[in-house]
Every structure is written in structure tokens, then in C-alpha cells.
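Please open the structure in your viewer and keep the selection tool at hand. The tour proceeds by stops, each beginning with something to select.

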Amino acid sequence: MSKSPQPNASASVAPIAHSTDLKRRRFLLAVGVGVGGTGAAAVATQAMVAQVAATAPVEVAVEGQGYRETEHVRDYYATTRI
Amino acid sequence: MTSDVSIQPAATVAIAWPIAPEDEARAGLYALLSRLFAAPPDTLLLEAIAMTDHWTEEGHDPLAAAWNRLVIASGAMDADAAMQEYTDLFVGVGKCAVNPHGSHWIAGFMMEKPLADLRTTLARLGLAREPGVTMLEDHLAATFETIRILITGRGPRPPSSTATQHDFFAAHMEPWVFICCTAIEQCSIANYYARVAEFGTLFLAVERDSLAMG
């Protein structure tokens, strides 16, 4: 992939990935996710604590010596909750 | 030696990767929806939702309005009724009112090719079910949890790119989550979960549109 840039695109110096991400973020802010969503995120944090003990459907597969939250560890975390 | 007992366990269970506030909010909303579809809300969760601030509804914002209805419904709902409704709606082989599994909606049967395709994708992404978990990967709750992990990363796993999130959404969520949530919303026995599904549908539409931007 060594195509030369479009002749009339020289004014745009920002990488495409950056500008589209900015567009996406502005869109999310415009619809309320990010501003209104913060309260929900706080609730969700609480919900996640419960979920870790309850279901936690998926997790990172074991690769090498990476961290893994086994049932044993999850049980331990459950004992640390009030 | 009293200093030995002063060591406290870590307050968080995973390394938090730095992500944009909007992405944190998205992850939070997915976590909440995942939690609500994984099991009925208990009293604490209902109270926590009920106590959150209302979103401002400038220009009749449907997402904000739906969130505010969910907040109000959470204040009016009790945990026993939520458990009964959840059981009636989602639990029971062949008896549940609305099947929360993707394969059912895409292929017409549970545990069909769409689930196999999803498992292939999960393996490629380095994700798998926790040992001992019986929930299928194509359950609404598991699907939301999966994309939440793609957004936030988890433990040694960094957040996934927007492109990866988009691909997962387009391949494994878009074909069925809207139909499923609409079915919940319109189900005659749905009360609290009609509000959950209504907000879910609108949030997922925002997700579809924002991820399509790249």
C-alpha cells in the first residue's frame, strides 16, 4: 500500500484514524453518551462488582503467564466485598 | 507486629487502561446492560440506578428520555417483582417469552452456526468463557460483556481498536440485538425490562452509527 495521497487532500494533516475518531467522539458527546453516561457508568461500576461474582461470562484466555481471574480468585474477591 | 495486618487487597480487580471519557461511558453502559440481562437487579442495583442524575432532554433527545424512564422505573420496581419478571421473560427451556440468544434470532435455533461463528471470533480475539460459567457466549449479557472488554481492555489485555469493535458489532450484534431488544420491549409481560430494552435499543443504535464512522 504505497498509494500517493489525493492531490486535494493536502490541507488535511491529521491522520485519517485520528480525525474519524474525533468525529465519533463528538457524535457520542452530542447524543449524550459521555456526559449523561457518566452517572450510568458509576452505577455500572457497582454492577460490575456484582457481576464479577455472579457471571463474568467472558474473559481473556490464558496466554503465557498473564493474569487470570479463576473461580478461586473470584471467590476471594467476593470475600473482600462488604 | 501490627503492621502485617495493614496490607489491604487491591480495590480494583484489573489494571485500568487509559481510555477516552466517552469510551468509559460506553463501557459503563454496556456493563450495566450486561448485568441487567445476566440476572435480575437486586435492591441495591435498583436503588443505585434510581439515584443517578437524569439526563437533560434538550430537543427531545430519545436516548436521554429512555434513560430517564429507566431511572424512574428503577425507583418504582422492587427486587422480587424484577426477579419474577426476569424469570418469566428469559428463563426456561422453550418456555421463556423472549429468547436472549443470538443463534435463536439469526438461525432460528439455539446453539447453531451463529454461535460457532461467534466462538471462532472470540478465539481469534483471545477471549473465552470463564470455567464453570454455563451462560452461552451469544447471550445478550455475554455479548455486551465481550464488547465492553474490547472497549476497556482487561488485565494484561489492552483496549481493542475501534475497527475491531466495529467488526465485532457488525458481525455478531447488529444482525440480532435490535430484533431481540424490540421483542422484549413489545412483550406483553415485560414491564421493567421493557424500559431496559428500550434504552438498550437506542444506545445500540448510537453504537452502530458511531462505530460506522470508523
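Begin with the largest nonpolar core of this predicted model. Select B:Trp67, B:Leu70, B:Ile184 and B:Tyr193: of the 63 residues in the core, these touch the most other members. Which helix gives the most to this core? Helix 1 of chain B, residues 21-38, does so, with 10 residues. As a general background, nonpolar side chains in soluble globular proteins tend to be buried together.

Keep B:Tyr193 selected and look for its partners from elsewhere in the sequence. Once neighbours within four places are set aside, B:Tyr193 is in contact with B:Glu85, B:Leu89 and B:Ile184. B:Ile184 has already appeared among the core members with the most contacts to other members.

**Three helix pairs in chain B**

The next stops concern helices that lie against each other. Two packed helices are described by the angle between their axes and the distance between the axes.

Select helix 3 (residues 62-76) and helix 10 (residues 192-211) of chain B. Their axes come within 9 Å and cross at roughly 155°. Because of this angle, helix 3 of chain B is roughly antiparallel to helix 10 of chain B. The crossing of helix 3 and helix 10 of chain B is left-handed. To see where they meet, display B:Pro62, B:Leu63, B:Ala66, B:Trp67, B:Arg69, B:Leu70 and B:Ala73 on helix 3 of chain B. Facing them on helix 10 of chain B are B:Tyr192, B:Arg195, B:Val196, B:Glu198, B:Phe199, B:Leu202, B:Phe203 and B:Val206. B:Trp67 and B:Leu70 thus return from the first stop, where they were named as core members.

Now select helix 1 of chain B again, together with helix 7 of chain B. How do the axes of helix 1 and helix 7 of chain B cross, and within what distance do they come? They come within 8 Å and cross at roughly 160°. Helix 1 of chain B is therefore roughly antiparallel to helix 7 of chain B. Helix 1 of chain B passes helix 7 of chain B with a left-handed crossing. Residues of helix 1 of chain B in the contact include B:Ala27, B:Tyr30, B:Leu33 and B:Phe37. On helix 7 of chain B, the contact residues include B:Leu140, B:Phe144, B:Ile147 and B:Ile151.

Leave helix 7 (residues 140-152) of chain B selected and add helix 8 (residues 162-172) of chain B. The axes of these two come within 10 Å and cross at roughly 165°. Helix 7 of chain B is therefore roughly antiparallel to helix 8 of chain B. In this pair, the crossing is right-handed. The residues that make the contact are B:Thr143, B:Ile147, B:Leu150 and B:Ile151 of helix 7 of chain B, with B:Thr164, B:Gln165, B:Phe168, B:Phe169 and B:His172 of helix 8 of chain B. B:Ile147 and B:Ile151 also take part in the contact of helix 7 with helix 1 of chain B.

**Two loop residues**

Between helix 7 and helix 8 of chain B runs a loop; select B:Pro158 in it. Is B:Pro158 buried or exposed? B:Pro158 is exposed, because 12 other C-beta atoms lie within 10 Å, and a residue with 12 or fewer counts as exposed. Beyond residues up to four places away in sequence, B:Pro158 touches B:Trp17 and B:Gly153. For a sense of distance, select B:Ala183 as well: 25 residues apart along the chain, the C-alpha atoms of B:Pro158 and B:Ala183 are separated by 35 Å.

Move next to B:Met111, in the loop between helix 5 (102-107) and helix 6 (113-125) of chain B. Most residues other than glycine have a negative phi. B:Met111 is not a glycine, although its phi is positive, at about 55°. With 13 other C-beta atoms within 10 Å, B:Met111 is partly exposed.

**Chain A and confidence**

Finally, select chain A, which has three helices and one strand. Along its sequence, chain A follows the pattern α-α-β-α. Buried residues account for 27% of its 82 residues.

Colour both chains by pLDDT. Chain A has a mean pLDDT of 57, and 20% of its residues reach 70 or more. Among the elements of chain A, helix 1 (residues 16-30) has the highest mean pLDDT, 77, and strand 1 (residues 58-60) the lowest, 49. Chain B averages 88, and 91% of its residues score at least 70. Over residues 1-6 of chain B, however, the pLDDT is below 50, and this stretch has zero contacts beyond near neighbours in sequence. For the complex, the predictor gives an ipTM of 0.74 and a pTM of 0.78.

Note on methods: Residues numbered from 1 in each chain as written. Chains lettered and ligands numbered in written order. Predicted model: local features only at pLDDT ≥ 70, side-chain atom pairs only at ≥ 80, totals over all residues. Core = buried A, V, L, I, M, F, W, Y, C linked by C-beta atoms within 7 Å. Buried ≥ 20, exposed ≤ 12 C-beta atoms within 10 Å, placed from the backbone. Helix = DSSP H or I, 4+ residues; strand = E, 2+ residues; numbered from the N terminus. Contact = placed C-beta atoms within 7 Å. pLDDT = per-residue confidence, 0-100. Axes fitted to C-alpha atoms, helices over the stretch in contact; angles between N-to-C directions. Parallel < 35°, antiparallel > 145°, perpendicular 65-115°, else oblique. Left-handed = near helix turned anticlockwise from the far one by under 90°.
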